[in-house]
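Let's take a walk through a protein model together, starting on the inside and working outwards. Keep the picture open while you read.

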Amino acid sequence: MKKAFTLIELLIVILIIAIMLSILIPALSKARDIAKGITCLTGLKQIAISTTLYVNEHKDYPDAFGVQSLVPGTNLPDKLASYLDAPLPVPNQKITPWVCPFDNDMYKVAGGSYMYTPFYYRLTFVPSIPVIYDNVPLLPMVRDYVSRKGKIHIVRSDSSCDEVYEETYAPGSDWLDQNRR
């Protein structure tokens, strides 16, 4: 006589598989988010190193918009093209290192996901960018547009990359407030 699975045994096996999947799926989701975060930080590190090469050669930070501007040659990717072996960003295309894997909206319009903060410092504060970073070295040089659960990725002027809380990402910025235009 052949022994076969009963309906109860089959249901128990299906239940065990369902329980195992319910345990594994959140872990896999968390692993995927960690991998996206590492990809984002790697892209930011490439941008930081190429910016550092630019600064070493020109003795100043690139006078550029963030990722895209309407005037060719005035955005950060154009200024760093000879220091970074990466294609230039194009709106609505996820091109590494210019687009954060977590970004679902900004790259569609701007071609990238990161804000180049020296452009805004140049407009808002009196001292030159090298003087600003000498006095407040923890200020971000490049940062995410999009926060995830209150955290953003940033790159500092020393090329260090970090994930920080959005409201505390610029310690020492009170020095800047005293030097507004």
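Below are notes on the core, the salt bridges and a patch on the surface of this predicted model.

## The nonpolar core

Start in the middle of things, with the largest nonpolar core, which has 30 residues. Which of its members touch the most others? That would be Tyr121, Met141 and Val142. Several elements chip in here: α1 (7–58), β1 (114–116), α4 (117–124), α5 (129–135) and β2 (140–144) each bring at least two residues to this core. Helix α1 gives the largest share, with 6 residues.

Now zoom in on Met141. What does Met141 touch once you skip its neighbours within four places in sequence? Its contacts include Ala48, Thr51 and Tyr61, and then a run of residues from Met115 and Tyr116 to Thr117 and Pro118. Further along the chain, Met141 also meets Tyr133, Val155, Arg156 and Ser157. Try clicking through them one by one.

## Salt bridges

How many salt bridges does the model have? The count comes to 6. One of them links the side chains of Asp144 and Arg148, with N and O 2.9 Å apart. Are these two partners buried or exposed? Both Asp144 and Arg148 are buried.

Another bridge pairs Asp162 with Arg156, and here the closest N and O atoms are 3.9 Å apart. The two partners sit in separate classes: Asp162 is partly exposed because its relative accessibility is 32%, between the limits of 20% and 50%. Arg156 has a relative accessible area of 11%, so it counts as buried. You have met Arg156 already, as one of the contacts of Met141.

Next, look for Asp177 and Arg180, whose side chains form a salt bridge at 3.3 Å, N to O. Asp177 has a relative accessible area of 46%, so it is partly exposed. Arg180, at 47%, is partly exposed too. There is also a little network to spot: Asp60, Asp63 and Arg122 are joined by salt bridges that share partners.

## A nonpolar patch on the surface

Finally, head for the outside. Which residues make up the nonpolar patch on the surface? They are Phe5, Leu7, Leu10, Leu11 and Ile14, and together they have about 560 Å² of accessible area.

Take Leu11 as an example. Leu11 lies in helix α1, the helix that also supplies 6 residues to the core. Why is Leu11 called partly exposed rather than exposed? Its relative accessible area is 48%, and exposed would mean over 50%, so Leu11 is partly exposed.

Technical notes
Residues numbered from 1 in each chain as written. Predicted model: local features only at pLDDT ≥ 70, side-chain atom pairs only at ≥ 80, totals over all residues. Heavy atoms only, no water. Core = buried A, V, L, I, M, F, W, Y, C linked by side-chain atoms within 4.5 Å. Buried < 20%, exposed > 50% of the residue type's maximum accessible area, 1.4 Å probe, protein only. Helix = DSSP H or I, 4+ residues; strand = E, 2+ residues; numbered from the N terminus. Contact = heavy atoms within 4.5 Å. Salt bridge = Lys/Arg side-chain N within 4 Å of Asp/Glu carboxyl O. Patch = residues over 30% accessible without salt bridge, like charges linked within 9 Å, V, L, I, M, F, W, Y side chains within 5 Å. Areas by Shrake-Rupley, 256 points an atom, 1.4 Å probe, with all protein chains shown as cover.
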